[in-house]
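Work through the exercises below with the sequence and the coordinates at hand. Each task is followed by its solution.

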Amino acid sequence: MDFINSAIVWNPSISPFSIFGFEVRYYSLCWVIALLASYYIVKYTYKKSGVEEEKFEPLFMYCFFGILIGARLGHCLFYEPAYYLSHPVEMLLPIRNTADGWVFRGYEGLASHGGTIGVIIALLLYVRKTKLTIVWTLDHIAVAAPLFGTFIRIGNFMNSEIIGNVTDAPWGVIFVQAGET
């Protein structure tokens, strides 16, 4: 069977729609869906365990900022340290200094392993504040973690990122945006 004739040619737009002139990209949309789904799933597990609401609400904020800051710093420091150490404002703010001045760009570059480090630190701070144990907390967020990871990988797929090795299998994917033909 000829690989080219049976492969999936993948070339979607990275933006399904825009709001007020800003493109909403699939990756961002996947982040929002993952956050909302994770929020409600973990809220349910906390409620089912009889934990008071005031101990649940900070968990979302700790995890959100831990993941986002960790993922952003992970990308900047693991993949482009020379650039970002000389442009530290661009590490945390979604802007870029261009020839035309400062431009809003969104967070272009998030590393999942940085997000993992960030959420671990955030959870350690959370359990210290709430006096819940780390094992209990991890047990209650365990369902949300792979769901979150799945949505992030769907976003990566939509962006033609993290595409793997070349294959000659009939179910292979040709990522046009990554330069494959």
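From the N terminus on, the elements of the protein chain follow the order α-β-β-β-α-α-α-α-β-β-α-α-α-β. The model is predicted, so local features need pLDDT of at least 70 and side-chain atom pairs count only at pLDDT 80 or more, while totals for chains, interfaces and linings use all residues. Residues are numbered from 1 along each chain as its sequence is written, and side-chain values use heavy atoms, with hydrogens and water left out.

**Exercise 1.** Describe the overall make-up of the protein chain.

Solution. Step 1: the protein chain has 8 helices and 6 strands, taken as DSSP runs (helices H or I, at least four residues; strands E, at least two) numbered from the N terminus. Step 2: the C-alpha trace spans about 55 × 50 × 35 Å along its principal axes. Step 3: of the 181 residues, 35% count as buried, where buried means under 20% relative accessible area, exposed over 50% and partly exposed in between (1.4 Å probe, protein chains only). Step 4: among contacts (heavy atoms within 4.5 Å) between residues at least 6 apart in sequence, 59% join residues at least 24 apart.

**Exercise 2.** Characterise the largest pocket and the second largest pocket.

Solution. Step 1: fix the term. On a 1 Å grid over the protein atoms alone, a pocket is an open set of points where a 1.4 Å probe fits, with protein on both sides within 12 Å along at least five of seven lines; lining residues have an atom within 4 Å of a point. A volume is the space filled by probe spheres set on the points, which are joined across faces, edges and corners.

Step 2: the largest pocket has a volume of about 970 Å³. Its lining holds 31 residues, with Y27, S28, G106, Y107 and E108 nearest the centre. Two or more lining residues come from each of β3 (22-24), α2 (26-48), α3 (53-79), α6 (112-130) and α8 (144-158); α2 gives the most, with 5 residues.

Step 3: the second largest pocket has about 610 Å³ of space. It is lined by 29 residues, and I67, V119, A144, A145 and F148 are the closest to its centre. Here α3 supplies the largest share, 7 residues.

Step 4: sort by class (nonpolar: Ala, Val, Leu, Ile, Met, Phe, Trp, Tyr, Cys and Pro; charged: Asp, Glu, Lys and Arg; polar: the others, Gly among them). The largest pocket gives 17 nonpolar, 8 polar and 6 charged residues, and the second largest gives 23 nonpolar, 5 polar and 1 charged.

**Exercise 3.** Classify the aromatic pair of Y39 and F60.

Solution. Step 1: rings of Phe, Tyr and Trp (its six-membered ring) pair if their centres lie within 6.5 Å; planes under 30 degrees apart are stacked, over 60 edge-to-face and the rest tilted. This rule yields 13 aromatic pairs. Step 2: Y39 and F60 lie 5.2 Å centre to centre with 90° between the planes, which is edge-to-face. Step 3: Y39 is in helix α2 and F60 in helix α3, 21 residues apart. Step 4: Y39 is buried at 16% relative accessible area, whereas F60 is partly exposed at 25%. Step 5: both belong to one aromatic cluster with Y40, Y46, F56, F64, F65 and W136.

**Exercise 4.** Check the length of α6 and locate its buried side.

Solution. Step 1: the expected span of a helix is 1.5 Å times one less than its number of residues. For the 19 residues of α6 this should be 27 Å, and the end C-alpha atoms are 26 Å apart, which agrees. Step 2: the buried residues of α6 include G114, G118, A122 and Y126. Step 3: the buried residues of α6 pack against α2, α3 and α7. Step 4: just after α6, K131 takes a positive phi of about 70°.
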